[in-house]
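Trainee: I would like to take a close look at one part of this protein, and I would be glad of a guide. Could you walk me through it step by step?

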Amino acid sequence: MENFNINNLVRPNVKDLKPYSSARDEYQSTGTEMIFLDANENPFQTDVNRYPDPQQRSLKAELAKLKSVNSANILLGNGSDEVLDLLFRAFCEPGMDNVITLPPTYGMYKVLANINNIENREILLTTSFEPDVEKILKAVDVNTKMIFLCSPNNPTGNSFSEENVLQILENFSGLVVIDEAYIDFSEKESWLSKLGSYPNLVVTQTLSKAYGMAGIRLGICYASEEIIQILNKIKPPYNVNELTQQRALLRVLDSVKINAEVTDILKERGELIKVLDEVDFVEKIYHSDANFVLVKVDDATLRYEELIKQGIVIRNRTTQPLCENTLRFTIGTKAENEKLLQALKALN
Ligand SMILES: *Cc1c(COP(=O)(O)O)cnc(C)c1O
C-alpha cells in the first residue's frame with residue numbers, strides 16, 4: 001500500500017485532539033509509593049475503590065507476549081463492539097464518509113454505520129462466500145474510509161482466501177479491518193503477523209468466543225502505533241473496568257485450558273456435522289472455521305420452530321442475503337450437543 005497516509009483518513013477534529021491524561025498516569029510509573037488524593041475516590045479498600053488503569057498495562061503486556069506484537073500496537077475496549085465504534089468515530093465523518101461491508105456478515109458493522117450516520121456500501125459475498133474483490137474496489141471512492149472483512153465470517157463460518165484479502169489490502173488506501181473474532185477456532189494463520197507490512201491493516205479480536213469471557217466484555221484492536229494513538233485520543237479513559245482487566249489477565253495466562261476447550265469444541269463440531277449429514281431435511285453443511293456451523297435445510301423457519309418446541313434455541317439466518325433457509329448452530333458442551341443430536345434425530 002504505497003499512497004497510504006493516516007493523516008488523510010483521520011477526521012480533522014480528531015486529528016486536533018490531545019489524549020486525556022489523568023494525574024495518575026503521570027505518577028504511576030515513577031515506582032515510589034505515592035498518596036493518591038487526586039481523583040476523589042473513596043480511600044477505603046473494596047478491591048475496586050480505585051479507578052482502573054486507563055492503559056490496561058498488565059493485560060496489554062501479556063497479550064503482546066502471547067501475540068508477538070508490541071503493547072503500543074494494542075487498544076482494548078468494552079468488547080469488539082466498542083473497538084469497532086471507536087474506528088468509526090475516529091475515521092468517518094458523519095453524513096460524508098462511507099464504509100464497505102460484505103453481507104452476509106456480522107450485523108454490528110451496519111448498526112454502527114447507522115448510529116454514526118455513515119453510509120454503508122454493501123457488496124455481497126460471492127456464492128462461495130468470498131469477497132468480490134473487483135466489485136468492492138469499484139465501490140470505493142475518495143470518501144471510503146474502511147472495508148470490513150470478517151474472517152472466519154459470521155454467519156457463514158468460512159475464512160476468506162488469502163489472495164482476496166491481499167488484493168484488498170494492496171489496492172485500498174483506507175483501513176482494512178479484519179474481524180478475527182473466531183480466529184482461535186481456525187487452522188488459518190491470523191493476519192496479525194502482517195501488521196508490519198500493511199499500515200492500513202487493522203485486526204480485531206475478542207475474549208468473547210474461544211476465550212469464554214463474553215460476560216466481561218473485552219475486545220482487542222491490533223494496528224500500527226499511529227492508528228492506536230489516534231484511537232487512544234478518543235476512547236473513554238476508563239473504558240475497560242478493573243474487574244474485566246483482572247479476569248482477562250487470569251484467563252489469558254491460562255492458555256492450556258483455553259486450548260483444551262477449543263479442542264473439545266472442535267471435536268463436538270465434528271460430531272454435530274456427522275449427525276447433520278444423516279438428517280434428511282439438511283441440504284448442505286457449509287465448511288466452518290469457527291465454533292458454529294451454517295446449514296441449509298428444507299424450511300429453516302419450520303425447523304427452527306420445531307427445535308424451539310424441544311427447548312433448543314439456534315439462529316435462523318434465512319432472511320440474510322445468500323442464506324435462504326439456513327440455520328446457524330453454535331457448538332455447545334458435549335451434553336448440550338447430545339440433546340441437540342437427539343432432537344434432530346427425532347425430527348428426521
Ligand atoms: C461475536 C462476535 C464478535 C464479538 O463481539 P464482542 O463485542 O467482543 O463480544 C465480534 N465480531 C464478530 C464477527 C462476532 O461474531
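Trainee: Which residues does UniProt list for "domain: Aminotransferase class I/classII large"? Please take me through the sheet, and then through the place where the two domains meet.

Mentor: Happy to! Keep in mind that this is a predicted model. The unreviewed UniProt entry gives residues 46–344 for that domain. This span is 38% helix and 17% strand, and its end C-alpha atoms are 49 Å apart.

Now find the open sheet: its 7 strands run in the order β1-β7-β6-β5-β4-β2-β3, and their pairing is mixed. At the edges sit β1 (74–77) and β3 (119–122), each of which pairs on one side only. On average, neighbouring strands are turned by 25° against each other, direction ignored. Look at β1 next: with β7 (residues 219–222) it forms an antiparallel pair over 4 bridges, and there isoleucine 74 stands opposite tyrosine 222. Helix α6 (residues 108–115) packs on the sheet, where it touches β2, β3, β4 and β5. The direction of α6 makes about 150° with that of β3.

Let's move on to the domains. The chain is divided into domain 1 (6–253) and domain 2 (256–347). Contacts join 23 residues of domain 1 to 21 residues of domain 2. Between them the two domains bury about 1,800 Å², 65% of it on carbon and sulfur atoms. Pro155, Phe185 and Arg251 supply 35% of the area that domain 1 buries against domain 2, more than any other three residues. Arginine 251 also forms a salt bridge with glutamate 261, with the closest N and O atoms 2.7 Å apart.

How values were computed
Residues are numbered from 1 along each chain as its sequence is written. This is a predicted model: local features need pLDDT of at least 70, side-chain atom pairs count only at pLDDT 80 or more; totals for chains, interfaces and linings use all residues. Side-chain values use heavy atoms; hydrogens and water are left out. UniProt positions are given in the numbering used here, feature names are shortened, and annotations may be inferred rather than shown by experiment. Helices (H or I, at least four residues) and strands (E, at least two) are DSSP runs, numbered from the N terminus. Two strands pair if DSSP finds at least two bridges between them. Axes are lines fitted to C-alpha atoms, for helices over the stretch in contact, and angles run from 0 to 180 degrees between N-to-C directions. Contact means heavy atoms within 4.5 Å. Domain bounds come from an automatic or database domain assignment. Buried area is the accessible area (1.4 Å probe) that two parts lose on being put together, summed over both. A salt bridge is a side-chain nitrogen of Lys or Arg within 4 Å of a carboxyl oxygen of Asp or Glu.
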